[in-house]
Amino acid sequence: MDQLLPVINKLQDAFSTIGLDTIDLPQIVVIGSQSSGKSSVLENIVGREFLPRGSGIVTRRPLTLQLINRSDPPSANNKPGNNEDLSEWGEFGHKPNERFYSFPAIRDEIIRETDRVTGKNKGISHEAIRLTIYSPHVLNLSLVDLPGITRVPVGEQPPDIEKQIRKMIFTYIDKPSAIILAVTAANTDLSNSDALQIAREVDPEGVRTLGVLTKIDIMDQGTDALDMLTGKVIPLKLGFIGVINRSQQDIITNKPIREALKSENEFFSKSPIYRPIAHKCGTLFLTKVLNKILLHHIRDCLPDLKAKILKLTQDAQAEYSSYGDSALDNKNNQGALLLQIITKFSADYRHTIEGKLTEISLTELCGGARINYIFNEIFGQCVNSITPTDGLTTNDIRTAIRNATGPRAALFVPEISFELLVKKQITRMEEPSLQCVDLVYCELQRIISHLENRELQRFATLKERVVDVVNGLLNRCRSPAKDMITNLIKVELSYINTNHPDFIGGEEAIHAVFEKLKITEQQNQIQNASQQGQGPQVVRGPMGTQGASGQGQGHNQPLVPGNGQPQSTPAQGPPTSSSSQPQTQPQPQSQTQPQSSWWMWGGSSPASNQPQNQPQSKPPVPTPSSNKALPQSRPFERVERLEHVPNTIKTASKLSDKEKFETELIQSLMVSYFNIVRKNVKDMVPKTIMHFLVMSSIEQMQNELVRQLYKEELFEQLLAESPETAIKRKDCRARLQVYQRACDVLNEVRDFDLK
């Protein structure tokens, strides 16, 4: 068990050589306000006067004090004078090869080293002074003496001196591995103790705080510290221990500390108040308790300490390996080193895209998963958002149909109008497809930037050349991918395959349009009848006028252009009531001819399809009143002139029934064929990008890097190591050596019996 503390001392010495503070070693941290007797407690534990004294802040730098019980005589080197004790000496961390046998000289060296860093203006510093004292009169301990807590700056101290000291104290006591030794004067109110208040902030349960009460012998008459020592005022798991320091008169008269310890023992043993707890008071008992607490604390922290140092060793070993061995930089090994770097870079590029890297992010998508996201989420959603009739109004479709007929009225819906319109929409998918290539290209560049491993970062010139070569390769692979996608769109535009099995076809499209128009007109008629307060007795559909049963008396009558109503034959003479007018029945149409076939098969109006044997309507006979309105004949003739042809001719705003049918039919065909092309594009564009850009770059990368970089005349230039890398390797090697030495020290520790 006694071997545990030397292990911690060795670890402290090892880590202090390179200024490492990554390991929280178990230690006792001494805190207290000014004039609380903190320095006197430490001197009593050592049994020697070695700490600076004076007014104001005397301790201005942390003092890491290691006490080692040593009964062996010193070696012949650095022997002191005859009047100095050979069994006790001190060694400073900043002077490792020098022993101080004079404790006043130790005090002077502490003052000198403090002033060297902080100056003489009472400033403080976080840089610790390491002091090891070897003596046969001490128990093995490791303590850290921190500056006393002050509230009012003195001299040239900064105004926030209290804040600076508190911040320094928290950096030490906030670590769970620290035991807090809170020193408080017994002649002050314990509830106002600065040391206990600070300790409670980091240790509210008081499980790692040991209280020390000083100046018990100078308390006011009628008062005592018994309740405080027994934990009745402020309970602490480690309790309170009372000590008696030397008075100012004892210090002036140079009373030896060992005699003061005897006086302390007599005070507690003879006091009627403290006699029952005298065996739990005094500096000797405090030293034993501290030794026991520290050893048990080290034992509890040792497993975690071993695991942490082992992890740090492994990390440092991996980092050092990434910097490479400087012995490989000679010309005989430069070629092998360059090939190794190129091979590693190419393999990492492939594995990143394929998702086979050992270090996979758990917080975000990376590598090939981001490319998949581009294909499905970005490109796929963009193509899905393009509708077949985006940017086309019904009037645009009607204009295209009329332009496709030329100077003649078409008997059929011109097919060329469908092809022109659907090609225009297919062309819209070319730009998103080309943008998808650029997005994947940028993603590959992003992968390259993340593959700048430490081995490549070691050589700045090689890193730049590798990035240039890879970017050039990606550019060369991007061009064929874009050309192929452009050709894919051209292929779709070159031949509109209306025989595609998924295409709706003319017959199905016509049937669907008929049904749609019929339903729409029925709804309109029902709505109009409801607004007029009448029932839907007569329903007009795209086939003609029907009754409620679908067969009205106008079923076989010719349709009046524009309204779909049956045409009646008016009689000559003045108009009479409709009931007295005879109606001539037309010849029945063929049963195989659709009722509204004129919509599809031509004619500018349904009136042109009237039967020949139907009597023509005669013009109405003018009435006398109308004769009076006729103008008198003129002796000259009037010349009629045509209007000028406008520069821009647009179609009428209102669509006829025939035009409604034709536009609906074209829209239906466009939707069907556009969905076929969109499906092809969504399937072929990712495949094209993967083949021409992604897979091609993977297959060619290593060969391209070797072809352009593996040249003997370039070895020295490419493998020139930067000064920063050399410094990092040196620092990493020093840390690795310290961690390895710490592992060796911990491996010496065996299981201990604490009983």
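Here are three short exercises on salt bridges and a sheet, each with a worked solution.

A word on the model: it is predicted, so local features need pLDDT of at least 70 and side-chain atom pairs count only at pLDDT 80 or more, while totals for chains, interfaces and linings use all residues. Residues are numbered from 1 along each chain as its sequence is written, and side-chain values use heavy atoms, with hydrogens and water left out.

**Exercise 1. Which residue does Arg112 form a salt bridge with, and are the two partners buried or exposed?**

Step 1. Start with the cut-off: a salt bridge is a side-chain nitrogen of Lys or Arg within 4 Å of a carboxyl oxygen of Asp or Glu. The structure holds 26 salt bridges.

Step 2. Look at the side chain of Arg112: its partner is Glu109, with the closest N and O atoms 2.6 Å apart.

Step 3. Check the spacing. Both sit in helix 3 (residues 103-118), and because they are 3 residues apart, about one helical turn separates them. (Helices are DSSP runs of H or I, at least four residues; strands are runs of E, at least two; both are numbered from the N terminus.)

Step 4. Now accessibility: buried means under 20% relative accessible area, exposed over 50%, partly exposed in between, with a 1.4 Å probe and protein chains only. Glu109 is buried at 2%, whereas Arg112 is partly exposed at 49%.

**Exercise 2. Where in the chain do Glu704 and Arg476 lie?**

Step 1. Their side chains meet in a salt bridge, 2.9 Å from N to O.

Step 2. This pair links distant parts of the chain: Glu704 is in helix 20 (residues 657-709) and Arg476 is in helix 16 (residues 460-494), 228 residues apart.

Step 3. Glu704 is buried, at 9% relative accessibility, and Arg476 is partly exposed, at 45%.

**Exercise 3. What is the strand order of the open sheet, and which strands are at its edges?**

Step 1. Two strands pair if DSSP finds at least two bridges between them.

Step 2. Read off the order: the 9 strands run 4-3-5-2-6-1-7-8-9, with mixed pairing.

Step 3. Strand 4 (95-100) and strand 9 (240-242) are the edge strands, as each pairs on one side only.

Step 4. Zoom in on one pair. Strand 1 (residues 27-32) and strand 6 (residues 141-145) pair in the parallel sense over 3 bridges, and Val29 stands opposite Val144 in strand 6.
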